[in-house]
Amino acid sequence: MADILPEHRATARPGDLRASATRPRVGVILAAGRSSRLAEVTGHGSKALLRVGGPSLIERAIRRLLAEGIEQVVVVVGYHAGPVAAVARRVAPGRVHTVFAERWELGNGASLAAAEPAVAEEDLFLLVTADHVFSEGALEPLLTVGRPAVLVDHAPDAEAWAEGTRVRMREERAVAFSKELGDPAIDCGAFVLPREVFDAHRRALARGDASLAGAVTELARRIPLEAVELPPGAWWQDVDTPEDLRKVRRLLRRSLTKEADGPVSRYLNRPISSRISMAVAHLPIHPDAVSILAFAVGLASAWALWRGSGIPGAVLATLCSILDGVDGEIARLQVRTSPGGALLDGVLDRLADAAILAGLAAWTIAEGTDPAATVGLAVAATTGSMLSMATKDRIAALGIPPAPERWIGFLMGGRDARLLEISVCAAIGRPVLGLAVVTATSFLSLAVRLLLTRSTLRGAWPGPG
């Protein structure tokens with residue numbers, strides 16, 4: 001363990017981890033366990049190194065904490081400490097510190113105790129375990145509560161309740177934690193804890209209880225923990241068994257569907273793109289590279305349409321539409337979404353759209369349609385499609401309540417529907433019809449979005465039921 005302990009002494013000095021008055025600045029991840037129930041999958045290695053939807057569990061846990069605003073992450077290792085520590089440190093050099101829990105076999109409370117020197121100067125710190133997977137936004141309410149707290153699932157399914165640690169509450173405060181309790185709520189394996197938890201662990205250990213549940217129960221006797229409810233729509237999953245592993249993969253894939261997805265994305269593109277993303281997210285593929293690939297496919301579609309090759313142009317436009325979802329899906333699976341990536345994707349999408357519409361226009365003129373009328377139609381189609389997308393961005397930038405994009409999607413003016421319209425019209429050899437349909441659906445969607453947004457601002461539109 002010489003490769004781990006020296007780093008702990010060098011990088012986890014109290015002065016390196018300054019205290020935060022409200023929101024925790026430091027996160028602790030427990031990754032020391034043996035994972036005996038997953039031995040057939042891990043080959044008797046650490047489950048923290050299992051890949052789930054791309055990254056390993058330990059990578060995903062670290063990236064999730066960093067994405068939620070945690071500045072420094074302390075990873076407690078034990079079983080197969082060397083490999084786990086090496087992977088953890090590669091995620092974010094300088095922001096991830098590893099410590100070895102010499103008594104990790106006693107229980108996860110003993111693993112927590114190993115982190116004490118690293119958080120000695122923190123008023124509060126976040127604690128999670130490497131084998132708990134959280135959806136985007138699940139931890140946010142816990143991080144903003146500003147006092148000792150636990151994330152609680154008040155309505156777990158029967159399997160989660162049977163396996164989970166139950167929480168006894170009094171007036172929305174958690175006062176006891178145990179698998180033996182009969183209470184309906186369970187904890188989600190995420191806590192905001194004060195330094196006093198280490199003294200609580202020592203008191204519990206003196207009674208022979210080395211578990212994390214024993215430590216937080218002892219803490220709650222003196223400092224009740226705020227029970228923070230899992231946000232609506234958020235999810236979490238503990239990974240202890242092969243069935244848990246299959247379940248979390250299903251949850252991750254389902255999470256790739258966006259609430260604002262139009263019908264084409266939701267029912268045609270996502271079933272394909274999400275499978276592609278789940279299959280390749282473990283590879284060293286940057287989401288920006290996929291954005292560039294989708295753009296290149298869009299240009300290839302534009303070239304095929306320009307030459308009047310309807311079927312190849314249609315196939316490439318459809319592939320461009322599918323790949324347009326893969327870049328964002330990989331970013332979410334790898335927990336590496338960024339404003340820069342979203343900006344690049346948006347710019348390349350608009351350029352590809354303009355090129356494809358230009359290809360349709362060139363094909364239309366080559367078929368003998370009046371050039372002036374074709375150019376006018378192409379300009380209208382391009383303007384409508386650009387404005388339809390730009391208004392969504394402008395509404396978001398101004399902080400205006402968004403229009404019901406999922407329902408507007410049924411007007412077939414979104415990019416997914418637009419590329420499908422172009423593909424169908426190209427496949428049947430009717431490029432001018434493609435320009436006309438894109439013009440009509442884009443301006444219709446634009447008009448409805450503007451009307452509903454202005455009605456919302458005036459209070460006349462309550463939103464969809």
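**Close-ups of a cavity, a strand and a core**

The largest cavity in this predicted model has a volume of about 70 Å³.

**View 1. What surrounds the cavity.** The structure holds just 1 cavity of 30 Å³ or more. Look around its walls and you'll meet Leu57, Arg60, Ala61, Arg64, Leu65, Val128, Thr129, Ala130, His132, Val133 and Phe134. Helix α3 (57-67) hands over the largest share of this lining, 5 residues. Strands β4 (124-129) and β5 (132-134) each chip in at least two. Sort the lining by type and you get 7 nonpolar, 2 polar and 2 charged residues.

**View 2. Strand β2, tucked away.** Here's β2, residues 72-77: 6 of its 6 residues are buried, so the rest of the structure largely encloses this strand. Gln72, Val74 and Val76 point one way, while Val73, Val75 and Val77 point the other.

**View 3. β2 and its partners.** β2 runs parallel to β1 (residues 26-31), and 6 bridges join the two. One pair to find is Ile29 with its bridge partner in β2, Val75. β2 also pairs with β3 (residues 96-100), again in the parallel sense, over 5 bridges. On that side, Val73 stands opposite Val96 of β3.

**View 4. Val75 in the nonpolar core.** The largest nonpolar core has 75 residues, and Ile29, Ile58 and Val75 touch the most other members. Strand β9 (residues 186-194) gives the most to this core, with 6 residues. Now zoom in on Val75: leaving aside neighbours within four places in sequence, Val75 is in contact with Ile29, Ala31, Ile58, Ile62, Ala88, Val96, His97, Thr98 and Val99.

Definitions and conventions: Residues are numbered from 1 along each chain as its sequence is written. This is a predicted model: local features need pLDDT of at least 70, side-chain atom pairs count only at pLDDT 80 or more; totals for chains, interfaces and linings use all residues. Side-chain values use heavy atoms; hydrogens and water are left out. A nonpolar core is a set of buried Ala, Val, Leu, Ile, Met, Phe, Trp, Tyr and Cys residues joined through side-chain atoms within 4.5 Å. Buried means under 20% relative accessible area, exposed over 50%, partly exposed in between (1.4 Å probe, protein chains only). Helices (H or I, at least four residues) and strands (E, at least two) are DSSP runs, numbered from the N terminus. Contact means heavy atoms within 4.5 Å. On a 1 Å grid over the protein atoms alone, a cavity is a set of points where a 1.4 Å probe fits but cannot get out, and a pocket is an open set with protein on both sides within 12 Å along at least five of seven lines; lining residues have an atom within 4 Å of a point. Grid points are joined across faces, edges and corners, and a volume is the space filled by probe spheres set on the points. Ala, Val, Leu, Ile, Met, Phe, Trp, Tyr, Cys and Pro count as nonpolar, Asp, Glu, Lys and Arg as charged, and the others, Gly among them, as polar. Two strands pair if DSSP finds at least two bridges between them.
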